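Please walk through this structure from its overall make-up to individual side chains, keeping the model open beside the text.

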Amino acid sequence: MLLKGKTAIITGCNRGIGKAILEKFAENGANIFACARKEYPEFVENINALTEKYSVEIMPIYFDMTDEDAMKAAVMSIKKSRRNIDILVNNAGIISESLLFQMTPIDNMRKVFEVNFFAQMRLTQYISRLMQRTGGGSIIFMSSIAALDGTPGQLEYIGSKAALIGATKALANEFGAFNIRVNAIAPGPTKTDMGNQISAELAEAAIKRSALGRWAEPDEVADVALFLASNLSSYVTGKYLRVDGGTFVGNGTRGGN
């Protein structure tokens, strides 16, 4: 078990990639603070099932990422547990409505950046201080290949995810002296509720650009998070890992078709 004896914080773990990471980390022996915006019966049932199946502790923490007071209260409850925090997975995020740049209200941009970037920076400030006091840790941001390749009509989403990659590099340099590693994952289209919000046209185009000719399963992204959280990546920091099935930018399609 790659995370035996470690404690992780995972945001946005009630569904999609976050849920897959929660399950993967529990399977590998981690005790987990499982963060969600609010309590859902299915979420609680899943936590209870994982706790029993893998004999780990999973502690639900509820707060809205944009509510600074609620986030502070959540961090205080984590501190009171007196556990060393070894891993932070900043997974929570939102996707924007697909509008062309000239039609996108600035308020829409602010909303997406508040969740996808500023809230994650705020939480990382709190948790990195705890890691610094206890000898280090691993911080993981969830970016997107859209931040690297660009797609029309989602400037605020792409910009917020690109900002995470820049932050990954800067924080890796800043935190290296404290044995805190910082990396990012850039998934391609993935079979999640958020992924399903992509238009059919964009979804088909993504498949055509993929060498594997399909979307990712959430579990495949979770495997990369497990690698970055574990000691298998002990000399990896300041990097982003594309998990995109071999996606190539351009008008060509896989197989030369």
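The protein is built from 8 helices and 7 strands, and what is shown here is a predicted model rather than an experimental one. Buried residues account for 48% of the 257 residues in the protein. Of the contacts between residues at least 6 apart in sequence, 77% join residues at least 24 apart.

Confidence should be kept in view throughout: the average pLDDT of the protein is 90, and 90% of the residues score at least 70. An exception is the stretch of residues 251-257, over which pLDDT stays under 50 and for which the model has 7 contacts beyond four places in sequence.

Helix α2 is a useful element to follow in detail. With 14 residues at 1.5 Å a residue, α2 should span 20 Å, and because its end C-alpha atoms are indeed 20 Å apart, the expected and modelled lengths agree. Which residues of α2 are buried? They are Phe 43, Asn 46, Ile 47 and Leu 50, and because these residues cover an arc of only 100 degrees around the axis, they lie on the same side of α2. The spacing follows from helix geometry in general: an α-helix has 3.6 residues a turn, so residues three or four places apart point the same way. The buried residues of α2 pack against α1 (16-27), β2 (31-36) and β3, whereas the face turned away from that buried side carries the exposed residues Pro 41, Glu 45 and Glu 52. Just after α2, Ser 55 takes a positive phi of about 55 degrees.

The aromatic side chains return us to this helix. A search of the whole structure finds 2 aromatic pairs. One of them is formed by Phe 43 and Tyr 62, whose rings are edge-to-face, with 6.2 Å from centre to centre and 75 degrees between the planes. This pair links distant parts of the chain, since Phe 43 belongs to helix α2 (residues 41-54) and Tyr 62 to strand β3 (residues 58-62), the two being 19 residues apart. Are the two partners buried or exposed? Phe 43 is buried, with a relative accessible area of 3%, while Tyr 62, at 30% relative accessibility, counts as partly exposed. The other pair is that of Phe 117 and Phe 118, which is also edge-to-face, with 5.3 Å between the ring centres and 75 degrees between the planes. Here Phe 117 counts as buried because its relative accessibility is 16%, which is under the 20% cut-off, whereas Phe 118 is partly exposed, with a relative accessible area of 42%.

The cysteines can be considered next. A disulfide is a covalent bond between the sulfur atoms of two cysteines, and a search of the whole structure finds 0 disulfides. For Cys 13, which is in no disulfide, the nearest cysteine sulfur is that of Cys 35, at 6.3 Å; because a disulfide requires sulfur atoms within 2.5 Å, this separation does not qualify. Cys 13 is buried, with a relative accessible area of 0%. Cys 35 is likewise in no disulfide, and its nearest cysteine sulfur is that of Cys 13; at 3% relative accessibility, Cys 35 counts as buried.

Two glycines outside these elements complete the tour. Gly 5 is placed in the segment before β1 (7-10), and with a relative accessible area of 62% it is exposed. Leaving aside residues up to four places away in sequence, Gly 5 touches Gly 29 and Asp 86. The C-alpha atoms of Gly 5 and Val 56 are separated by 9.4 Å, although these residues are 51 residues apart along the chain. Gly 246, in turn, is found in the segment after β7 (240-243), and at 25% relative accessibility Gly 246 counts as partly exposed. Not counting its neighbours within four places in sequence, Gly 246 is in contact with Arg 209, Ser 210 and Ala 211. Gly 246 and Gly 188 are 58 residues apart in sequence, with 9.1 Å between their C-alpha atoms.

Methods
Residues numbered from 1 in each chain as written. Predicted model: local features only at pLDDT ≥ 70, side-chain atom pairs only at ≥ 80, totals over all residues. Heavy atoms only, no water. pLDDT = per-residue confidence, 0-100. Contact = heavy atoms within 4.5 Å. Phe/Tyr/Trp six-rings, centres within 6.5 Å; stacked < 30°, edge-to-face > 60°. Helix = DSSP H or I, 4+ residues; strand = E, 2+ residues; numbered from the N terminus. Buried < 20%, exposed > 50% of the residue type's maximum accessible area, 1.4 Å probe, protein only. Expected span 1.5 Å × (residues − 1). Arc of directions from axis to C-beta.
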